Amino acid sequence: MGGHGHAPYKVPDPSIYKVENAPQLLQVQQALARQGLKDPWLRNEVWRYDPKHFGTHRSRLINFLFRGFPYGFAAFVLTIGAEFALSRGKGHGHGHEHHGDH
């Protein structure tokens with residue numbers, strides 16, 4: 001049951017994730033502490049706030065908005081090129097024909 005020639009995935013040690021490294025989660029932890037509560041699973045969300053692993057808010061937004069842009073733009077250019085090439089011999093757009101405007 002090998003990994004088909006791939007190196008096995010190394011699970012990171014959980015101790016590298018500290019709530020103190022994520023200011024947003026630290027605020028949540030402090031708000032809970034003021035009410036006498038504690039979330040033992042809060043550490044599991046730290047990776048989401050680490051720019052090394054998950055990127056910044058801006059980078060995630062840009063990635064979300066423009067993920068398919070290169071493919072869409074290429075398809076647009078190909079479509080316009082095909083329309084131009086296929087309609088070139090048909091004479092569309094040339095001359096001034098008026099039908100019933102006299």
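1. Let's start with Arg-48, which is partly exposed, at a relative accessible area of 37%. Here "buried" means under 20% relative accessible area, "exposed" means over 50%, and "partly exposed" is in between, using a 1.4 Å probe and protein chains only. Its partner Glu-45 counts as partly exposed too, at 31% relative accessibility. The side chains of Arg-48 and Glu-45 meet in a salt bridge, at 2.6 Å from N to O. The term salt bridge asks for a side-chain nitrogen of Lys or Arg within 4 Å of a carboxyl oxygen of Asp or Glu. The structure holds one salt bridge.

2. A word on what you are looking at: this is a predicted model, where local features need pLDDT of at least 70 and side-chain atom pairs count only at pLDDT 80 or more, while totals for chains, interfaces and linings use all residues. Residues are numbered from 1 along each chain as its sequence is written, and side-chain values use heavy atoms, with hydrogens and water left out.

3. Now for the overall layout. The protein chain has four helices and zero strands, so its elements, read from the N terminus, run α-α-α-α; helices (H or I, at least four residues) and strands (E, at least two) are DSSP runs, numbered from the N terminus. Of the 102 residues, 7% count as buried. The accessible surface comes to about 9800 Å², and 61% of that belongs to carbon and sulfur atoms. Such areas come from the Shrake-Rupley method with a 1.4 Å probe; for residues, only the protein chains shown count as cover.

4. Next, the segment before helix H1 (23-34), where you will find Asp-13. Asp-13 is partly exposed, with a relative accessible area of 45%. Its side chain makes a polar contact with the side chain of Ser-15, at 2.2 Å. A polar contact is a pair of N or O atoms within 3.5 Å; within protein, one must be able to donate a hydrogen and the other to accept it, and residues adjacent in sequence count only if both atoms are side-chain atoms. Lys-18 also lies in the segment before H1, and Lys-18 is partly exposed at 42%. The C-alpha atoms of Lys-18 and Glu-45 are separated by 9.5 Å, although these residues are 27 apart along the chain.

5. How far apart are the end C-alpha atoms of H1? They are 17 Å apart, which agrees with the 16 Å that its twelve residues should span at 1.5 Å a residue. The expected span is 1.5 Å times one less than the number of residues. After H1 comes Gly-36, whose phi is positive, near 80 degrees.

6. Finally, look at the nonpolar surface patch of about 1000 Å², whose members include Leu-61, Phe-64, Phe-73 and Val-77. Helix H3 (57-66) and helix H4 (69-87) are the elements that give two or more residues to this patch. Patches are made of residues with over 30% relative accessible area and no salt bridge, with like charges joined within 9 Å and nonpolar side chains (Val, Leu, Ile, Met, Phe, Trp, Tyr) within 5 Å. Val-77 sits in helix H4 and is partly exposed, at 43%.
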